[in-house]
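Here is a friendly walk through one protein model, from its overall build down to a few individual residues. Please keep the structure open beside the text as you read.

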Amino acid sequence: MEIYFLETCGLRFSDVEHYLPKVTESRRRSVLRKRDESAKVESLMAEVLVLWGIRQRTGLSPREVEFSRGAHGKPYITGSDLYFSLSHTKGAVCAAFSGEEVGVDIERRDRQVSEAVKTRVLSDREFFVCSDGEDFIKAWVRKEAFLKRLGVGITRDLRNVDTLMLPDTAVYSHGDYIIGASGSGAESAKILSRGISREI
């Protein structure tokens, strides 16, 4: 498993809008509907990072890539045995690639979370061992990555997903961010930082 990371802090939409013709029509519409400039950048660059990773592994250009969706909206590359997952948060995007089902999630390390959210998300055992906000973020990204791997996303009661028992799921600290990965090889995943370029 490889995880590609791209920091988007400081990028303006005008810095990256040249990528719009490369992404899917649905992503273009989603990006352009957003009012917040940083949200536009993150949404656009998440798919760009996926397209870049696909090209590195398959040689397919963005025009040659066709996506399909699972029952709960998980994206797949039509006709390929390369699996991917993407995530974005304020200031960064990441994408994981594997030859098997994979899930990834990213959050800022300093994200503030209310007690009410913790109560809705953590299992009884997790609530007991999560001593601070960063512990909660680690539990959150593990759950999210695991559920993305299953292709169901947040369609379940998160309290029933206990991160203390999840197979093939790991957490990584990466600067100001915490990344959760789930799938074969998650415990030894490589995180590769990627910079902006004109090409995918």
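Two residues are said to be in contact here when they have heavy atoms within 4.5 Å. With that in hand, we can look at a predicted model, starting with a residue in one of its strands.

**A95 and its surroundings**

A95 sits in strand β5, which runs over residues 92-98. Is A95 buried or exposed? Its relative accessible area is 0%, and because buried means under 20%, A95 counts as buried. Once neighbours within four places in sequence are set aside, the contacts of A95 are E2, I3, Y4, L49, V50, S85, L86 and V104. F84 is worth finding as well: 11 residues separate A95 and F84 in sequence, and their C-alpha atoms are 6.8 Å apart in space.

**L192 and K118**

Now move along the chain to L192, part of strand β9 (residues 190-193). Which residues does L192 touch, not counting those up to four places away in sequence? They are E2, I3, Y4 and F5. Among these, E2, I3 and Y4 also appear in the contact list of A95. L192 has a relative accessible area of 30%, which makes it partly exposed. Between the C-alpha atoms of L192 and G53 there is a separation of 11 Å, although these positions lie 139 residues apart along the chain count.

K118 belongs to a helix instead, namely α4, covering residues 115-121. This lysine is buried, at 14% relative accessibility. Beyond its neighbours within four places in sequence, K118 is in contact with V113, F127 and F136.

**The fold as a whole**

Stepping back, the protein contains six helices and nine strands. Its radius of gyration is 17 Å, close to the 16 Å that the globule rule gives for 200 residues, so the protein is as compact as a globular protein of that length. Taken along the principal axes, the C-alpha atoms fill a box of roughly 50 × 35 × 30 Å.

How much of the protein is buried? Buried residues account for 47% of the 200 residues. Turning to contacts with a separation of 6 or more, 59% of them join residues 24 or more positions apart. The accessible surface totals about 10100 Å², and carbon and sulfur atoms contribute 47% of that surface.

**Salt bridges**

How many salt bridges does a search of the whole structure find? The search gives 15. Three pairs are set out below, each with its N to O distance.

| Salt bridge | N to O distance |
|---|---|
| R12 and D15 | 3.2 Å |
| R108 and D110 | 3.0 Å |
| K138 and E134 | 3.8 Å |

Let us take these pairs in turn. In the pair of R12 and D15, whose side chains meet, both partners are partly exposed: R12 has a relative accessibility of 47%, and D15 has a relative accessible area of 27%.

The side chains of R108 and D110 also meet in a salt bridge, but here the accessibilities fall into separate classes. R108 is buried, with a relative accessible area of 18%, whereas D110 is partly exposed at 45%.

The pair of K138 and E134 lies within a helix. Why are K138 and E134 separated by about one helical turn? They are four residues apart in helix α6, so about one turn of the helix lies between them. K138 is partly exposed at 28% relative accessibility, and E134 is partly exposed too, with a relative accessible area of 25%.

Beyond pairs, there is also a network of salt bridges linking E2, R57 and K190. E2 is a familiar name by now, being one of the residues that A95 contacts and one that L192 touches.

**A nonpolar patch on the surface**

Our last stop is on the outside. F128, V129, L164 and M165 make up a nonpolar surface patch, and together they have about 490 Å² of accessible area. One of these residues, M165, lies in the loop connecting α6 (133-150) with β7 (169-174). The relative accessible area of M165 is 61%, and so this methionine is exposed. Helix α6 thus comes up again here, as the helix before the M165 loop and as the one that holds K138 and E134.

Notes
Residues numbered from 1 in each chain as written. Predicted model: local features only at pLDDT ≥ 70, side-chain atom pairs only at ≥ 80, totals over all residues. Heavy atoms only, no water. Patch = residues over 30% accessible without salt bridge, like charges linked within 9 Å, V, L, I, M, F, W, Y side chains within 5 Å. Areas by Shrake-Rupley, 256 points an atom, 1.4 Å probe, with all protein chains shown as cover. Salt bridge = Lys/Arg side-chain N within 4 Å of Asp/Glu carboxyl O. Helix = DSSP H or I, 4+ residues; strand = E, 2+ residues; numbered from the N terminus. Buried < 20%, exposed > 50% of the residue type's maximum accessible area, 1.4 Å probe, protein only. Rg over C-alpha atoms; globule rule 2.2 N^0.38 Å.
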